[in-house]
Amino acid sequence: MEFFRIHRTIPFMRNALVLNIISLLTFVAAVFFIVTRGFHLSIEFTGGTVMEVNYAQTAQLDQVRGAVSKLGYTDFQVQNFGTSRDVMIRLPLAEGQTSATQSETVMASLKAADDSVQLRRVEFVGPQVGQELLHNGMMALLVVVIGIMAYLGIRFEWKFAVAGVIANLHDVVIILGFFAFFQWEFSLAVLAGVLAVLGYSVNESVVIMDRIRENFRKYRKASVHEVIDSAITQTISRTIITHGSTQMMVLAMLFFGGPTLHYFALALTIGIWFGIYSSVFVAAALAMWMGVKREDLVKPVKKDEDGVEAA
């Protein structure tokens, strides 16, 4: 499906070197901020107090957040679970306070706003659980990267596999760099968003690679950069439709999804835009510089003894 067709090939690879230098500098800056500033980990990773409360009527989450924030908490989570009357509150570790003390203080503040609230459960989540979640998340990221490289290597060619994985890791590191620089809260939802970006970004790379392979068959006398330019140009309409519709959905979560989905949607937004950039200017350019050629993607035509091409 195409909303429009560009009849003149856009020379994307003409500026590939400059754009990749900018990309490299951005990547290095992201790594620098990750190493020097680290992440503002949520209580899912650092540990804290988990409270489950129940209201007689539908819980007003904004009211609950306001009551908790009045106590001086800035890094906490409030969300529904099960029903609209059940609320889960996650509080960070507080020096000199136990989980019981925290829960009593919070319940007093909640009852001042709505006397119908009842405490159902209080639990302390230790940092050891958080370390296990972080380790499992990193292992999931590693498995996804290995799977992507294997898939691209089997479907296309090792040069495209290496270029695609580098481009996808480029997206992931830059997302993490944003979270490290601005000290946005890094939670399990954000980690899920990063993994989603990996799959989303590789899809765009696969579309462009597939079109490059088709154009190698179609334009036998064209140079490598001309084939890549034509492939990217031909997929622009599809890119705009796909990423535009996805971005509209993500923006809806960003602006209307509340605090629970805010950073998840933010990670997806950064990933979508850098995913387009990396698929066009990083993956394709790296494959070109690694020497991808027609023979790598198109099997040579066999000829019989008389020199006639076999079907």
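**A four-stranded sheet and the helices around α10**

Glu52 stands opposite Arg121 in β5. That pair is a handy way into the sheet of this structure, which is a predicted model. The strand on the other side of the pairing is β2, residues 48–54, and β2 is joined to β5 (residues 118–125) by 7 bridges, with the two strands running antiparallel. One residue along from Glu52, Met51 has Val122 as its bridge partner in β5. Met51 also has a partner in β4, namely Ile89. So where does β2 sit with respect to solvent, buried or exposed? It is mostly covered, with 7 of its 7 residues buried.

Turning to the β4 side, β2 and β4 (residues 83–92) are again antiparallel, and 7 bridges hold the pairing. β4 in turn pairs with β3, a strand spanning residues 77–81, through 5 bridges and once more in antiparallel fashion. Phe81 of β3 finds its bridge partner in Thr83 of β4. The hairpin made by these two strands leaves 1 residue between them, and Gly82 there adopts a positive phi near 75°.

Put together, the strands form an open sheet of 4, ordered β3-β4-β2-β5, with antiparallel pairing. β3 and β5 are the edge strands, each pairing on one side only. From one strand to the next, the twist averages 20°. As for the side chains, in a regular strand they alternate between the two faces of the sheet.

The helical part can be read from α10 (residues 258–289), which packs against α8, α7 and α6. Start with α7, residues 188–218: its axis comes within 8 Å of that of α10, and the two cross at roughly 25°. An angle under 35 degrees counts as roughly parallel, and α7 and α10 are therefore roughly parallel to each other. The crossing of α7 over α10 is right-handed. On the α7 side, the contact takes in Ala189, Val190, Ala192, Gly193, Ala196, Val197, Tyr200, Ser201, Glu204, Ser205 and Ile208. They meet Tyr263, Phe264, Ala267, Leu268, Gly271, Ile272, Gly275, Ser278, Ser279, Val280 and Ala283 of α10. Sorted by class, the residues of this contact come out as 14 nonpolar, 7 polar and 1 charged.

Next comes α6, residues 158–182, which packs on α10 at an angle of about 145°, the axes lying 8 Å apart. Here too the crossing is right-handed. α6 contributes Phe160, Ala163, Gly164, Ile166, Ala167, His170, Asp171, Ile174, Ile175, Phe178 and Phe179. The α10 residues they touch include Tyr263, Ala267, Ile270, Gly271, Phe274 and Gly275, and further along Tyr277, Ser278, Val282, Ala283, Leu286 and Ala287. How does this contact divide by class? It has 17 nonpolar, 5 polar and 1 charged residues. Some α10 residues turn up in both lists: Tyr263, Ala267, Gly271, Gly275, Ser278 and Ala283 are in the contact with α7 as well as the one with α6.

The third partner, α8 (residues 224–234), packs against α10 at about 155°, with 11 Å between the axes. That angle makes α8 roughly antiparallel to α10. α8 passes α10 in a right-handed crossing. Val224, His225, Ile228 and Ile232 of α8 make the contact with Val280, Ala284 and Met288 of α10. By class there are 6 nonpolar residues, 1 polar and no charged.

Two single residues are worth a look. Asn215 lies in α7. With a relative accessible area of 0%, Asn215 is buried. Leaving aside residues up to four places away in sequence, Asn215 touches Val227, Ser230, Ala231 and Gln234. Those four fall within the residue range of α8, 224–234. Thr36, by contrast, belongs to helix α1 (residues 16–37) and counts as partly exposed because its relative accessibility is 48%. From Thr36 to Gln102 the separation is 66 residues in sequence and 32 Å in space, C-alpha to C-alpha.

How values were computed. Residues are numbered from 1 along each chain as its sequence is written. This is a predicted model: local features need pLDDT of at least 70, side-chain atom pairs count only at pLDDT 80 or more; totals for chains, interfaces and linings use all residues. Side-chain values use heavy atoms; hydrogens and water are left out. Axes are lines fitted to C-alpha atoms, for helices over the stretch in contact, and angles run from 0 to 180 degrees between N-to-C directions. Angles under 35 degrees count as roughly parallel, over 145 as roughly antiparallel, 65 to 115 as roughly perpendicular and the rest as oblique. A crossing is left-handed if the near helix is turned anticlockwise from the far one by less than a right angle, and right-handed if clockwise. Contact means heavy atoms within 4.5 Å. Ala, Val, Leu, Ile, Met, Phe, Trp, Tyr, Cys and Pro count as nonpolar, Asp, Glu, Lys and Arg as charged, and the others, Gly among them, as polar. Buried means under 20% relative accessible area, exposed over 50%, partly exposed in between (1.4 Å probe, protein chains only). Two strands pair if DSSP finds at least two bridges between them.
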